[in-house]
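Dear colleague,

I am passing on the structure we discussed, and below it you will find my notes on what turned up in it. Please read them alongside the coordinates.

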2 protein chains.
Amino acid sequence: MKTLIYGVTVITANAAFDVIPNGAVAFENGVITYVGPTPDEKARAAYDEVLDGRGGVVLPGLINTHCHAAMALLRGYADDLPLQAWLEEKMWPLEARFTAEHVRWGSLLAIAEMLKTGTTTFVDMYDHMDEVARNVEETGIRAVLCRGVIGLCPREVQVAKLEEAKAFARAWRGAADGRITTMMAPHAPYTCPPDYIREIVDAAAELDVPVHIHLSETAREVEQNVRDYGVRPVEHLRRLGVFDRPTLVAHAVHLTDEEIAILAEHGVKVSHNPGSNLKLASGIAPVPKLLAKGVTVSLGTDSAASNNNLDLFEEMRLAALLHKGHTQDPLAVPAAEALKMATIYGADAVFQRDRIGSLEVGKRADLVLLDTRAPHWHPHYDPVSHVVYAARASDVRRVYVDGRLVVENGVCLTIDEERVRYEASRLAAELTGRSLF
Amino acid sequence: MKTLIYGVTVITANAAFDVIPNGAVAFENGVITYVGPTPDEKARAAYDEVLDGRGGVVLPGLINTHCHAAMALLRGYADDLPLQAWLEEKMWPLEARFTAEHVRWGSLLAIAEMLKTGTTTFVDMYDHMDEVARNVEETGIRAVLCRGVIGLCPREVQVAKLEEAKAFARAWRGAADGRITTMMAPHAPYTCPPDYIREIVDAAAELDVPVHIHLSETAREVEQNVRDYGVRPVEHLRRLGVFDRPTLVAHAVHLTDEEIAILAEHGVKVSHNPGSNLKLASGIAPVPKLLAKGVTVSLGTDSAASNNNLDLFEEMRLAALLHKGHTQDPLAVPAAEALKMATIYGADAVFQRDRIGSLEVGKRADLVLLDTRAPHWHPHYDPVSHVVYAARASDVRRVYVDGRLVVENGVCLTIDEERVRYEASRLAAELTGRSLF
């Protein structure tokens, strides 16, 4: 089926960052076939499905490059605690009791939220990943999935986890018509012994998939790395050969100029998680410096337990606002740069720049149509400024992934949201023993 | 008419910060008559209007303590510029051409946005304030209004502006059934000569209204104050007797510990504007220190030209997140504190703690009903956490001001939104010569 959306302002996020007034986007079999001015009436008649989007803005589907989707089940369960108490007393004891069922419904809750807020691709690092992959398959979202591996355990458990991660990466790579890709994920330098990281990276090389790892989220883990290994985490990972593979690191809050140079030199991609970093009081990542050195900086929400939502419009705005205030430079992270971080840089960060992240002929048809009628959209001076500084996720009217309509007028067409609410609430109450409001 | 909303989680924001599960709020003639558990069916029958709000959360109407509403006409007109270029080349030349008509439609656009996003009271400092006051009267919102006075002008203009500000403050004080109160507003220490500030403060004393003033928004104006007057702005204003009047200062970004002590000693109220301060790269206000010293810190959006929306849910979340990350203290500005900043501390900041800012019997019936069905609200562990960390303004289902229903299901009942969009767009295009998207 050939679909055309016309009469819209198209934010392409292509290399020239073209914004097309009264533009149109067409796609067929999941692939974008046209991006340009609105065709005349006669040309429009050649399409099977024609959508008059006048007044709307179309942008590429947003890309969330760091998430632990299933933790949506713990959203708001504990906040405003010192990090270690939050982790050790609240998160870890409950996560240890997570079964496949928790991951199934927790990640489905997260996917419903992501789709409805315009996210069409997400990176997920967690356990029971078959459940997440099946949800991705069924809901129509795109995902880059990895079984996160923590290596602080006996050797036989290490081996079992690594085998599981490899089997998962192999089995699901390219699944769901290519919507699923996979990575290998040593959890972090402070949770994986060096030799184990080496093994995981070797497996990534063998499978030819990228590596995803947490890096320097807190000052404490950097100090620990220096204490344990005599070097800071970036040099540590470099020596372990991690950066010889395509690598996406999450957080990258505490970096020296030398570390930024190493990341740049190796083409390491960064997932910046401003909401989570602020909420957990981890600090403020040196994003303007990273961008200035040519490092790809994308955006992630981290989990809903530390955010507490999965809304990339918020992360875009935070990224654009935070670094201006923090560096007292009003030119830090302009609107267009923040929008790129959520789109084309996100595609870069998951090594799929040729497939997603911008509206260009030949790319997959992942796109979001925004309604611009609300007061906060007026006057209509600059669509890019408004998307970043004024819009809300509730402005999302339609979401397409691979050319398939998955959200329409605030309703997710591929998920039984009432069932998800019911199951998530049931599991949350059972797991925590709390009565819900 | 006696109205009852039952079956809701009530966040009272009272002194004990009570949160009532399966609660109810009733009001009559604009005054809250009941806050407590849901009455039984028989008791419910005594009300004229009974609303089943099951699954919803009710909180006090939000209070925006610093705004220049009419500047909504310049939302997104210019961003990502150095502050002085933004002001001198973009904002001021256009604002100089603002007529009463621009203020009428610009402020109405802003009021529509504020009401729909749960704001029931706003502080406004601008020119052509009769237009704003009439809009407040007609739309049903509550407001604290002042004619902002810049004194860098010939003496006769100074005198005329002061007379206008006094006449406005006198004429509209207590208008619209008490929904409008007024203040006197010397714009800032750097835009008003000292003697002129004294005159304005004397007028405030004569009229018995509070003073509203910008304070130490940028490092540059602090330096200028030291250069021009030999002291920093807080000591400067103290010496001029400003703080002998009830005073609300906006921004308060650049403060020493000594200045914080002076503000605390004089009961000066602060309007914290995190979104605007970040966007204009002004810096990050020392909010945790202010709160620790007992200073009332409320929340403001500033204008939509520097924010770029008027959404207090965003400011609440920013206030809760930003200071944690900036101070690397996860206990800085907990969720409840951020919610108080947007409600009861806001009432304090406008010297109306006895009338608004919390849901308590005898207070004016300004309240917001939130829909909690969206995925980002699940699981339902903690309503306060969710309001601050996960909610969006689009969750607002109903807004009452003075007991009058002004927003229902995302529609503002007291404003012709289509007309506002039309007029705002027309004026914006004429004013700027730009074609809108």
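The crossing of H12(A) and H12(B) is right-handed, and, like everything else in this message, it is read from a predicted model. Each of these two helices spans residues 312–327 of its own chain, and they pack at an angle of about 60 degrees with their axes 13 Å apart. Because that angle is neither under 35 degrees nor within 65 to 115 degrees, H12(A) counts as oblique to H12(B). On the chain A side, the residues that meet the partner helix are A:Glu314, A:Arg317, A:Leu318, A:Leu321 and A:Leu322, and they face B:Glu314, B:Arg317, B:Leu318, B:Leu321 and B:Leu322 in H12(B). Sorted by class, this helix contact holds six nonpolar and four charged residues, with no polar ones.

Turning to the interface as a whole, chain A contributes 74 residues to the contact and chain B likewise contributes 74 residues. The area buried between the two chains is about 5,700 Å², and carbon and sulfur atoms give 64% of it. Of the area that chain A buries against chain B, 16% is supplied by A:Asp80, A:Tyr381 and A:Phe437, which is more than any other three residues supply.

Six salt bridges are counted between chain A and chain B. A:Lys324 forms a salt bridge with B:Asp80, and the closest N and O atoms of that pair are 3.3 Å apart. Over all chains, a search of the whole structure finds 64 salt bridges. Within chain B, B:Arg134 forms a salt bridge with B:Glu131, where the closest N and O atoms are 3.4 Å apart; both residues lie in helix H4 of chain B (residues 129–139), three residues apart, or about one turn of the helix.

Chain B also offers a helix pair of its own, in which the axes of H5 (residues 155–172) and H6 (residues 194–207) come within 11 Å and cross at roughly 20 degrees, so that H5(B) is roughly parallel to H6(B). This crossing is right-handed. From H5(B), the residues B:Arg155, B:Gln158, B:Lys161, B:Leu162, B:Lys166, B:Ala169 and B:Arg170 meet B:Tyr196, B:Glu199, B:Ile200, B:Ala203, B:Glu206 and B:Leu207 in H6(B). By class, the contact of H5(B) with H6(B) has six nonpolar, one polar and six charged residues.

With best wishes

Notes. Residues numbered from 1 in each chain as written. Chains lettered and ligands numbered in written order. Predicted model: local features only at pLDDT ≥ 70, side-chain atom pairs only at ≥ 80, totals over all residues. Heavy atoms only, no water. Axes fitted to C-alpha atoms, helices over the stretch in contact; angles between N-to-C directions. Helix = DSSP H or I, 4+ residues; strand = E, 2+ residues; numbered from the N terminus. Parallel < 35°, antiparallel > 145°, perpendicular 65-115°, else oblique. Left-handed = near helix turned anticlockwise from the far one by under 90°. Contact = heavy atoms within 4.5 Å. Nonpolar A, V, L, I, M, F, W, Y, C, P; charged D, E, K, R; others polar. Buried area = accessible area lost by both parts, 1.4 Å probe. Salt bridge = Lys/Arg side-chain N within 4 Å of Asp/Glu carboxyl O.
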